[in-house]
Structure formats: C-alpha cells, structure tokens
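Please open the model in a viewer with secondary structure displayed. The tour proceeds by selection, one element after another.

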Amino acid sequence: MVSGKELRERAEKEAAKKAEKEARKAAAAAKRAARAEAKEGKDGDKQETDTPAAGEDGDGGTADTTPAAQATDEGAKPAQAPKKGAKAEEEPVVEWDGWYQEDTLALLKAIKEFPKGCVPSEKERWAKIAGEVEGKSVIECFQKVKRIMEAKAAGRVDPPGPSKHAAEAAAAAEEEAAEQEGGEEEEADKAEKKVKKTKPKSKFMLKKMEQEKAAAERKKAKEEAEAAKNAGMNIRKTAEDLGFFIRTGPDAAIRATANMDICIRQVQLYGGRDELISNGVLQLTNGVKYGLVGRNGVGKTTLLRAIAEGTIKMPEYLHIIHVEQEAEPDSRSSLQTVLQSDHERMWLLEKEQMLLDLELDEHEGVTLQEIYERLDEMDSDTATSRAAGILSGLGFDPAMQAKATKEFSGGWRMRIALACALFMEPDLLLLDEPTNHLDVHALTWLEEFLTRWDKTVVIVSHDRGFLNAATTTTIFLHRKRLEYYGGSYDTFLKVRAEHRANEESTARTQNMRESHLKQFIARFGQGHKKMVRQAQCRMKMLAKLQEEAVEVDYDDPTLRLQFASATPLPPPCISVMNAAFGYAGYETLYEGLDFGLDMDSRVAIVGPNGAGKSTFLKLLEGEILPTEGWVNRHTKLRLARFSQHHLESMDLEQSGLQHMRKLEKDMQEQEARKYLGRFGLSGDLGLKPIKLLSGGQKSRLAFAELAWRQPHVMLLDEPTNHLDLETIESLAMSLNQFEGGVVLVSHDERLISLVCDEIWCVKKGDMEAGIPGRVAVFNGTFEQYKEKLRKEFDSKNLLAVQKKKQSEKAKNEKVTQSQGSKTKAAASTESGTSDAAGPGPGSGAAPARTAPPKIGVVQTSNAPAAPKPAPRSAWDDEDVDEASSTMKPGPAPSRTVPSNMQPLRRDAWGDDDDSYRAPPSRPGPPSNMVPLGRKDDRNSDPWDDEPKVHPSRRNMERW
C-alpha cells in the first residue's frame, strides 16, 4: 500500500518535472520564433528586390499615390499571407490514439537516450522517459510503447503517419522489443534448431514443447507484472473497487480496536408521506440479540431496510447483512452458493493461485504472506464444513446440498439466503420474519445457533417462543418512538404491565388533585380578597400539575376473531384405518395410519418440511385418496381448511366484499361489510382489490371465509404466517372458544401451547432405502419435543462450531483469571516476606511473631479435623457452634417471624419456590459474644497463630 510520504514525494517530483518541461517549452518556443523572424526577414528582402520603384507600377506607368489608394493597398495587404508563414502555423498531426506525432517522436527518442541498465531501477528509467514527453504520465508512456510493440509484432506500423515517423517508430519498437525479449528469442531459436534435427515428434516431445511454451508465457506475464509494478501501476484496490466489504487485512485494521456498539440519536424515518419514527434513539450493544416488536404498519421492516441501505448512517467499519430476498436461482449447488457468498475469501483464493502460478510475491499491493494471514483469520480451512453444518441445521441433507439452486422452491431458496448470512458472520445481522419458511426442526436449530452466537442480531418475528428463546433485549416501536426493555418478550410484557399500572395509579392521583384544585378555584375565585389570593395560588399549582401530567401507555385496540360453532356430531367425525399414501411414480410417503378425530380433538402436527404434513391435511379433507386402507367421514361433517397458499383459491382482481358475496348469492352487501368488520376489514379495506391487501389482511379474509362455513372440524396449515403477535394471541383465544375440532400444522410454540393438547409427529422416511414414513403420537409437551430436537442436534454435531468458539472463549477467560491470580499471589508473597523479616540472632531481641492471617480453619498434621458447619438459617445474623467454644452463651430472647413477613424468593418475578420456607426460630447468641479457638487441643503448636474457629465465621467475615 502506498504511504502518504511516498505520495508527497511523487507529487513534488512531478511538479519539478512539470516546471522543467515548461522551461524547455518556453526556450523551444523562443528559438522557433527567432527562426521564423529570420526567415521572414529574408523573404522581405527578396520581395523588396522584386517590387518596382516608387511611383511606378509593374507596367512602367505612374502609380496612384493618393491617400485613398494607399489605404486600399494597405487594407489588402494583410489578406495575403506568405506560404512559409502558413506552413509554420499548421496544426500538429493527431494520431488515432490521441497522441501527437511530436510526442511519439519525443518518447522514442527518450527510449534511445535511456536504454535498459542506465539507471538502477526500471521505475526511475520510466520516470525519466516520461519527463521527456510533455504532458504524459509514466503509465501512458508505458502503454504507448506496448501498443507500438504489438503493432510491430502484427506486421503493421503504428501509429499511422509519414514514412519517416513510421520508420522511426518501427525502429524504436524493434529496439525495445529486442531489449525486453532478446533472451526469449535466443531460447526459441535454440529450441527450433533442436526440433529441426529430430525428424518425428513424439508425444513426449509435444508435451515438452507445450510445457516450455506455458513456461514462456508465465515468464512473459511475470515480466509484464513486474514492469507494471515498477511503472507505478501496483496500486492497492479499495472496497469500492473490489465490490465487497473487507473484513480482514490492513484495510480493516480499525475493526480490531473500534467500538462495535451503535448509538445514533435524532433518527427520523418516513414511509412515503407518513412519519414512522420521530427523534428516535437507535442504540445497539455489541453481542446482544434484540427483538423488534410492534403492531403491523408501524415501520419495523422499513427501519431494518433503512439500516441496511444506509438511510440511517452507520459506522463504515461495521459489516451489516439484511436477510430480505431469497437466493438467486442458478445452476450452482446450495453448498457452492453459500461458500461463494463470501466474496472476500473467493478473491483471496484467486489471488493466491495467480501469485503461485506466476511465481510472484506481490500483486496490486497484496503479498502472499498477507493472503495467508487473512485466510487464516477468517478460518478458511473450515469453511466447507461450516457451510455444510449450517445447511444441515436448516434442513438440507447431503443430497439437497448438491442440488442446483434453481430446482428449489422460494421457501428453500430463502433458507439458502439465511445460510449465506449466517456463514458470513456479519457484525450486525438483520432478520425480517425468518420463521415464515422454517419448520420446527430448523427453527429450534436457529434458536440454539443464535443463542450461542457472539454477534449483534435484530429480529422482527411474530413467533413469541422464538423471541423468548433467541433474544435478550426487546425494542418496542410504539407511537413513533423506540423504547428499550431488558429481557425476552415475556419479560417485556411483565415490565410494561407494571409500568402501565404505575402510570395509571399516578394518573388517578393527579386527576383527583386536579379536580380538587378546580373545585377550590371555582368556589373561591371571586369573593374575599384573601380567598382570591389563595385561588390564584391554586391556579398556578393547577397549571404546573397539568404540565407534569402522566401519559398512560395504552395499547392499540386488538382484533377479536370469532368462529361460530356448528351443531354437535357424535364421535368419531373422521376415522382413518390402516391407511397409506404415496404420489404416483414415487415411493410410499407414509403407511399404517390408524386414528380418529372428533369435535373435542385439539391436535398439533409437527415434523420437518417435506415429510407430508400438508398432504396429511389433504388426506383428511378428502382432496386426495389413500393408496391403501380407507378414510371414513361423518355424512353431516363440514370441514374447512386454511391453506398457507390460500391465495390460490381467490380472485385477486375482486374485492373482499365481492369474495364474501360469492360464497352465498343471497348475502346482502350490508351484511357482508358487517361480517368483514369483525375480522378487521372494515371501511375501505373491504372495497380494495385482494391483490392490494397486505399479507395479514389476506389471512384475515381467509379466516372470515373459514368462519362463514361454520365447520365441525377446522384444518389449519401455518395460519400464523403474516400475522402480528397480538393477532396470534386473538387467534388462540378464538380457537379455545371454538366448540369444534382443530387440527393444526404450525411451528409457533405459543399457539400450539395454548390450543393443542396432543402432538402428532410426522417422521420422514428414506425413499432411497424404500422405508416409508409414519405418523406417531408424541407423549409430552411441545417444549419437551423441542428439547428432544436439541439433543439430536448435539448428537449430530450441528452446533459443533459454536461449541468450539464458546470453549475457546471460556479457555481464554480461564487463562486470564489464572494469570491474574498468580500475579496477586506473587504480590502477597513478597509483602508477607518483607513483613516477616525480623532482627538477627545476635541482636538479643525476642523473635518477632508473624502477623496472624485471617480467621479460618487450619488443619495441622496432629490437629483433629475441624467440625462440619451446621446448616445456616435464613433468619440468623450469626451462627456460632457452641461445641467449639468453652463459654456457653446465656439465654437470649427468641426472635419470631412476623405474620406479615415472608422470606425473599430467588425469582425476580415472584414465582413460587418451595425450597424457600420460613425456618423455625431459635435463640441466638448475645451481640457481645466472640467465638474463640479450641482450648482442648493439646497437640497444637503453642506458636500457632491461627485459631481453630468454626467455619461459619467465614460467612461473618464476608458480611
């Protein structure tokens, strides 16, 4: 990399050269002017000899000497210019590449004046050559000579021009080519002579010739690279030139010492004409996982996009990735797509291969040693294993990892984009609804991965369980402000409820005070002078109270969904007996299905994507038929299915009102509008075309259609997609009030925990081995099912990379602590040695006793073991073992626990803990009693300064 000092030196040299050129140019111009004047003088003398005498014209007549005639002659004189003067004023010839022929001749002359070897380095030689050419840099001169050499090799003269100039250009190019390629020509001639002697050319000779040719090409490329380097073309590229963010090397040195925390004040954010954030504060601490929550439409996605696109100015040394779009469909495999997403690593590997092939040590300011260090810093050797582990955690088996990206659906390509972001390990990762395309397996793995990650993450999600597991701080976007709450989403709800209760209590007190002041002012505002003065004082108090009024943070009105129930049906509503299913041309998807459903069933179906969960719902509905066995349904059974692709059954050009009226021809418009209003589609939303509605509004329209059918059993396939947290809570309450059966396919932990009491697990079979899948009942809760998945991830080492990083971090902390403890121990040893040093043996003074250490238990070889400490009471200030002291304490008043007092609990939120109970009261020792050491220990050393004290005294020392 070029330093600032070198740049300044180059600038000074160029300025000096420019001044020298100007001086030479001025001297040449003066010489040319002197020559032109001399030539004009000679021409004038010749014209004077040829002109007739005064008063005579050329024919011997008398010339007109009147003033008008003289003026006419003088006026016509400037119109005639001598031919030589016109030749001197001709413009210089411009060649095809923009060079003047004079500059080309000056360049060729300079090459002859400064041949190779005249100066120590080629850089100085080319600098002198460029100094002889006016207005041209070193790079331009080098490129011009290269073009001349190429033209000579092609058999043409370049640049075109007069034969003299062409001959000189060809001669100079030939000399330059001979200087640079003389050795190569000699070797080529020798090789040609050698080949001519041998008549047949064997395969070995041909291979050898190819190798020699390749070696010559590499040598030529190496020389060109060295020439470019010496000519000043070895300039280090920036991140803008390369097209990717630089995370390692000297260009990213600031990242090692920079503060990675983010604090940006006065954030203004607009969505079109609407103001979304006003004077907000964006504060992100490094390594913290943030959950960004708020109602739909407040600007969560717009905020993430503004951070990623730079609308909100962020520090330039931060690497930010926003997962928003799916991976591009192409012929690359999913594993190659993830590996090639790290553009810096790929560029370093290509640069390394180029330097090794050309046998160079440096190119474009990057050395081979630097490349090795940067690859080691980004852990390039384990890149393939890390990428494969991330893809496996997100549900890609080895066959899918080798599959082309264009063969995946949009949901799977979204997973590939998420895998690329996790593989890059950015400083700030922005995730917008990452759970929409994930199943329970991938979602559980992502929770564990983010929990063990040491980077900053901002997550926008509607999954309450995912936010509780993956985030440690909550950002609440409400009323155009960003409010921060420590803890998970559940903690945020508790703290916000407490704040709201305090605000409501303060607001009630203020309202009571305000009404009292208003009554006093209205009563005594007019009357006695003394009372009027008091009323005026009360008015000032009222104004101050109104200025300090507390604003209660009320929630926005939530949506209330209602599902009407049908008439009861006797069980079973659906009976499945020894059924199996498989698509035509494929193996059996699952077999051996035996179960029944009725109006009291609350079933959650979980499993990996591709196992056949949606197919299972189609089998229950009757859209597809089993290949084996049978499925019986009640004759009066009404089923309603919510599909995650519910838009396929809607006409996007119609409005929601038209869609509802299409379900029943006799439905009046007023009735349809009223019905849509129950699902949050009131006003103009019911008249908009379906294609203009948001994802959540389309889902509400599908729920309205579902409720209109009044089903006995509802089949819901991923109903939480595109819904906010409040709507999901309302959906759970509505399903609990629904008096019918519910079969739910979802990955939302909150919805499953509130609604379902059974979990059916769809296990994927092995198609290659011919093993079909099956549906089994999981005996346990949804949290226990996720814990089982975590153990599977650990057994498969899908989180081994994160574990390795955590162990290395803990090991470094342990080494740091041990070094600190050793330093403290050495310091205490030195201080103890200096304190213990006493007078010499000849001084006659009594030997000084060392200062006793802190009170504790010291066991010698002859001393009995110290007694075990008695269990300490939660209500005792002191704990003294009476057996270890010769003095027994007197009676003390008993201390009992008041009835209104309860022992403190460990849980910060007041959760009950049975391990903490009020202990029975017992008498304690007097306050003036001090425990003494054992006096019955006869074998102890008389100079032992460490008394034998009960271990409970250690706790007293801590207090």
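Begin with helix H22, residues 613-621, in this predicted model. Helix H22 lies across three strands, E11, E12 and E14. Its direction relative to E12 is about 55°.

Next, add the strands beneath that selection to the display. How many strands form the open sheet, and in what order? There are three, arranged E12-E11-E14, and their pairing is antiparallel. Strand E12 covers residues 590-597 and strand E14 covers residues 628-633. These two are the edge strands, each of which pairs on one side only. From one strand to the next, the twist averages 15°.

Now select residues 574-581, which constitute strand E11. Strand E11 pairs with E12 through five bridges in the antiparallel sense. To inspect a particular position in this pairing, select Ala-579 and look for its bridge partner in E12, which is Leu-593.

Finally, clear the selection and display the entire chain. It contains 30 helices and 19 strands. Of its 959 residues, 36% are buried. Which share of the chain's contacts with a separation of 6 or more comes from residues 24 or more positions apart? Such residues account for 69% of these contacts.

A surface representation completes the tour. The chain exposes about 58,100 Å², and 51% of this area is supplied by carbon and sulfur atoms.

Methods
Residues are numbered from 1 along each chain as its sequence is written. This is a predicted model: local features need pLDDT of at least 70, side-chain atom pairs count only at pLDDT 80 or more; totals for chains, interfaces and linings use all residues. Side-chain values use heavy atoms; hydrogens and water are left out. Two strands pair if DSSP finds at least two bridges between them. Helices (H or I, at least four residues) and strands (E, at least two) are DSSP runs, numbered from the N terminus. Axes are lines fitted to C-alpha atoms, for helices over the stretch in contact, and angles run from 0 to 180 degrees between N-to-C directions. Contact means heavy atoms within 4.5 Å. Buried means under 20% relative accessible area, exposed over 50%, partly exposed in between (1.4 Å probe, protein chains only). Accessible areas come from the Shrake-Rupley method with a 1.4 Å probe; for residues, only the protein chains shown count as cover.
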